[in-house]
Amino acid sequence: MERAEKREVVASLQEALAGAGSIVVAHNTGLTVAAFTDLRVQVKKAGGKVKVAKNRLAKLALKETDVADISDLFTGPTVLAYAEDPVAAPKIAAAFAEKNQKFVILGGAMGPTALDADGVKALATMPSLDELRAKLAGLVKQPATNIASILVQPGAGIARVLAAHADKGEAA
């Protein structure tokens with residue numbers, strides 16, 4: 001790879017990693033092409049990307065961003081998984097690591113915070129951004145539903161009493 005190509009790779013990695021909500025670094029020694037393609041597809045569906053880059057170039061790319069210094073994780077054959085949603089990449093990587101023993105999570109970063117392997121797995125257990133939005137919308141909607149049912153209750157009670165009197169009158 002020539003110097004100009006290396007600069008392009010570093011620049012594209014910097015741009016991608018700077019906009020990432022979270023980054024996961026893992027070893028992929030012995031992983032089959034089919035399994036790796038499956039990982040790429042899963043991460044892409046979640047709005048992220050998986051990249052394999054030379055460790056030296058990845059370290060240079062991280063140096064110029066405000067992402068935590070995780071350069072010590074780049075040893076051996078490593079792969080980067082990242083997404084804008086802070087939970088998406090760790091969630092997919094952790095699930096993939098459970099299925100594939102050859103995919104070993106080394107750690108990662110979430111903005112300026114460096115994460116070890118346990119930190120990435122803990123982040124994977126959190127609900128995604130879309131799930132949190134849905135829960136919040138449900139919480140906002142619930143009080144309005146309760147108020148509406150409370151307002152309807154007195155009228156429904158009166159209607160039941162009148163219906164009971166009408167039934168008594170017909171029975172008599």
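Student: Which residue stands opposite Gly108 in β5, and how do you know that the two strands pair?

Tutor: In this predicted model, Gly108 stands opposite Leu115 of β5. Strand β4, residues 104–110, and strand β5, residues 113–116, are joined antiparallel over four bridges; pairing requires at least two bridges, so β4 and β5 count as paired.

Student: What is notable about phi in the hairpin of β4 and β5?

Tutor: Two residues lie between the strands of this hairpin, and Gly111 has a positive phi near 65 degrees there.

Student: How do you know that β1 and β3 pair, and which residue is the partner of Ala26?

Tutor: Strand β1 (residues 22–27) and strand β3 (residues 78–83) run antiparallel and are joined by six bridges; since at least two bridges are required, they count as paired. Within β3, Val79 is the bridge partner of Ala26.

Student: What makes β2 and β5 edge strands?

Tutor: The open sheet has five strands in the order β2-β3-β1-β4-β5, with antiparallel pairing. Both β2 (48–51) and β5 pair on one side only, and they are the edge strands. From one strand to the next, the twist averages 15 degrees.

Student: Why is Leu139 called exposed?

Tutor: The relative accessibility of Leu139 is 56%, and exposed means over 50%, so Leu139 counts as exposed. Leu139 lies in helix α6, residues 129–171, and together with Leu136 and Val140 it makes a nonpolar surface patch of about 320 Å².

Student: How is the protein divided into domains, and what separates their centres?

Tutor: Domain 1 covers 3–126 and domain 2 covers 128–171, and their centres, taken over C-alpha atoms, are separated by 49 Å.

Notes. Residues are numbered from 1 along each chain as its sequence is written. This is a predicted model: local features need pLDDT of at least 70, side-chain atom pairs count only at pLDDT 80 or more; totals for chains, interfaces and linings use all residues. Side-chain values use heavy atoms; hydrogens and water are left out. Domain bounds come from an automatic or database domain assignment. Patches are made of residues with over 30% relative accessible area and no salt bridge: like charges are joined within 9 Å, nonpolar side chains (Val, Leu, Ile, Met, Phe, Trp, Tyr) within 5 Å. Accessible areas come from the Shrake-Rupley method with a 1.4 Å probe; for residues, only the protein chains shown count as cover. A salt bridge is a side-chain nitrogen of Lys or Arg within 4 Å of a carboxyl oxygen of Asp or Glu. Buried means under 20% relative accessible area, exposed over 50%, partly exposed in between (1.4 Å probe, protein chains only). Axes are lines fitted to C-alpha atoms, for helices over the stretch in contact, and angles run from 0 to 180 degrees between N-to-C directions.
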